[in-house]
Each structure stands twice: as structure tokens, then as C-alpha cells.
Amino acid sequence: MRQTPEYEQLCNILAANVRRIRRARKVSQEQLAFDAEIDRTYVSQIERSVINPSLLVPHKVATALKVTVIELLIDGSTEKH
């Protein structure tokens, strides 16, 4: 099944937000994976937008990062500073 541009954009937003929040909290991929109970390579794949995680995975990542799933899916690149 071919992915729509909107879906690809959502995956890219998720990737960017997970990476940004993880780095801002000074958490390694390994620590995030441990806290979220997923494999470290899976965290890397999420951050590179090369996989399609089930809804449970962003929930686990959001919980580990102490944010909401919505915060992981909001496009922060359009916010004005």
C-alpha cells in the first residue's frame, strides 16, 4: 500500500519530535528504549522515520519522555517564535 504525502509528513513529524525531545532531556536512545520497553534500534528507526510504529509504541515513548502522544505528533516547525 502506497503512503500518502500527509502520512509521510506525520511520520517525519513524529521522528523529529521524538529526537528533539529526547535530546533536550539529554536521554540516550538506549535509555529511552529501556524506559519505553522497546529495542534501541526501534528508537533509531522511529527517529529516522523508516518504520511505521503501532499506536502502542508512540504511547510508550511519550510516557517515557513524560509528554503526551499529541505532543509527539504536533508539527512544531510551523510555530512562530
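Me: In this predicted model, what covers the buried residues of α4?
Reply: Helix α4 spans residues 56–65, and its buried residues are V57, P58, V61, A62, A64 and L65. Viewed down the axis of α4, these residues fall within an arc of 160 degrees, so they line one face of the helix. The cover over them includes α1 (5–24), α2 (29–36), α3 (40–47) and α5 (69–73).

Me: Which residue just after α4 takes a positive phi?
Reply: Helix α4 runs over residues 56–65. Just after α4, a positive phi of about 60 degrees is taken by K66.

Me: Which helix supplies the largest share of the largest nonpolar core?
Reply: This core has 16 residues, and those with the most contacts inside it are V18, L32, I38, I46, V61, L65 and L72. At least two residues come from each of α1, α2, α3 and α4. The largest share, five residues, is that of α4.

Me: Which residues does I38 touch, leaving out those up to four places away in sequence?
Reply: I38 is among the residues with the most contacts inside the largest nonpolar core. V61 and I46 are also in that group, and both are touched by I38. With the sequence neighbours left out, the full set touched by I38 is A33, V43, I46, V57, K60 and V61.

Me: Is N17 buried or exposed?
Reply: N17 is placed in helix α1. Beyond four places in sequence, N17 touches E71, L72, L73 and I74. The cut-off for burial is under 20% relative accessible area. At 4% relative accessibility, N17 therefore counts as buried.

Me: Which helix gives the most to the lining of the largest pocket?
Reply: The largest pocket holds about 180 Å³ of space. Its lining has 10 residues, of which N17, R20, I74, D75 and G76 are the closest to the centre. By class, the lining comprises three nonpolar, three polar and four charged residues. The most, four residues, is given by α1.

Me: How many charged residues are in the lining of the second largest pocket?
Reply: This pocket has a volume of about 150 Å³, and its lining consists of Y7, L10, C11, L14, N52, P53, L55, P58, V69 and L73. At least two lining residues come from each of α1 and α5, with the largest share, four residues, from α1. By class, the lining divides into nine nonpolar, one polar and, for charged, no residues.

Definitions and conventions. Residues are numbered from 1 along each chain as its sequence is written. This is a predicted model: local features need pLDDT of at least 70, side-chain atom pairs count only at pLDDT 80 or more; totals for chains, interfaces and linings use all residues. Side-chain values use heavy atoms; hydrogens and water are left out. Buried means under 20% relative accessible area, exposed over 50%, partly exposed in between (1.4 Å probe, protein chains only). The arc is that of the directions from the helix axis to the C-beta atoms. Contact means heavy atoms within 4.5 Å. A nonpolar core is a set of buried Ala, Val, Leu, Ile, Met, Phe, Trp, Tyr and Cys residues joined through side-chain atoms within 4.5 Å. On a 1 Å grid over the protein atoms alone, a cavity is a set of points where a 1.4 Å probe fits but cannot get out, and a pocket is an open set with protein on both sides within 12 Å along at least five of seven lines; lining residues have an atom within 4 Å of a point. Grid points are joined across faces, edges and corners, and a volume is the space filled by probe spheres set on the points. Ala, Val, Leu, Ile, Met, Phe, Trp, Tyr, Cys and Pro count as nonpolar, Asp, Glu, Lys and Arg as charged, and the others, Gly among them, as polar.
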